[in-house]
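Student: Hello! I am new to this structure and would like a close look at a single part of it. Could you walk me through it slowly?

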Amino acid sequence: MGGIFSCCSCFAPAARADAYVTTLDAAGRACIDVMCAKAWVGRLIGPGGTVLAELKSTTGASIEIGGRGGADPVTVRISGTPAQVRAAQAVVSKLVGEAEHPDYEGAAGKKWRTEADRCARAAEKCAEEKDALFGAGDKAGGREKLGEVKEWQRKMHVANAQVIFPKP
């Protein structure tokens with residue numbers, strides 16, 4: 001099928017959504033209400049309803065989004081078999097979590113951010129050593145250490161630039 005939910009063959013337990021199982025009927029169908037901030041409903045619906053349609057198709061659950069009156073939070077009612085409900089709730093929680101805390105950097109950006117942080121810590125350590133050398137009257141050693149501080153800072157700036165302006 002492809003698309004945003006194609007990787008969802010195994011669903012993790014929902015970590016973010018406030019959910020309440022409201023019914024479990026004789027046929028074994030479950031119904032759960034998930035509360036979602038109004039700001040993130042568009043993320044669940046998607047352009048032209050594509051995300052919601054794929055969520056329904058992939059999980060087999062029935063999903064109704066309430067809140068047509070300005071209510072905040074919005075009630076997202078998920079119904080189906082218990083497995084369908086759990087699967088849909090996990091994806092809804094994932095989408096809402098990604099909307100609340102987007103990953104602006106991606107894997108490559110995180111690598112460069114980690115490198116920049118490492119360089120910053122090294123620069124701070126060298127700066128402390130430089131201050132100690134100057135404080136002890138060792139001007140030659142202090143100047144040498146100052147050169148190291150500047151080199152670590154340069155490396156830090158290069159790594160930060162890779163996060164902001166990644167090379168293709």
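Student: Which residue takes a positive phi just after α2? Please take a close look at that helix, and then at the salt bridges.

Tutor: Happy to help! Please keep in mind that this is a predicted model. The residue you ask about is Gly 60, which takes a positive phi of about 80° just after α2.

Now step back into the helix itself. Helix α2 covers residues 50-59, and its buried residues are Val 51, Leu 52, Glu 54, Leu 55 and Thr 59. Around the axis they cover an arc of only 165°, which puts them on the same side of α2. What lies over them? The cover for the buried residues of α2 includes α1 (41-45), β3 (62-65) and α3 (82-100).

Let us turn to the salt bridges. Side chains of opposite charge can pair when their charged atoms come close. With a cut-off of 4 Å between a side-chain nitrogen of Lys or Arg and a carboxyl oxygen of Asp or Glu, the count comes to seven salt bridges.

A good one to start with joins Glu 115 and Arg 118, with 2.8 Å from N to O. Both residues belong to helix α4 (residues 106-135), where they sit three residues apart, about one turn of the helix. Glu 115 has a relative accessibility of 26%, so this residue counts as partly exposed. Arg 118 is also partly exposed, because its relative accessible area is 39%.

Another salt bridge links two helices. Lys 145 pairs with Glu 129, and their closest N and O atoms are 2.6 Å apart. Since Lys 145 lies in helix α5 (residues 139-164) and Glu 129 in helix α4, the pair ties together parts that are 16 residues apart in sequence. Are these two partners buried or exposed? Lys 145 counts as buried, at 16% relative accessibility, whereas Glu 129 counts as partly exposed, at 27%.

Lys 145 has a further partner: Glu 148 forms a salt bridge with Lys 145, the closest N and O atoms being 3.3 Å apart. These two residues are three apart in helix α5, which means that about one helical turn separates them. Glu 148, at 30% relative accessibility, counts as partly exposed.

Put these pairs side by side and a network appears: Lys 125, Glu 129, Lys 145 and Glu 148 are joined into one by salt bridges that share partners. To find it in the view, you could begin at Lys 145, which forms salt bridges with Glu 129 and with Glu 148.

Terms used: Residues numbered from 1 in each chain as written. Predicted model: local features only at pLDDT ≥ 70, side-chain atom pairs only at ≥ 80, totals over all residues. Heavy atoms only, no water. Buried < 20%, exposed > 50% of the residue type's maximum accessible area, 1.4 Å probe, protein only. Helix = DSSP H or I, 4+ residues; strand = E, 2+ residues; numbered from the N terminus. Arc of directions from axis to C-beta. Contact = heavy atoms within 4.5 Å.
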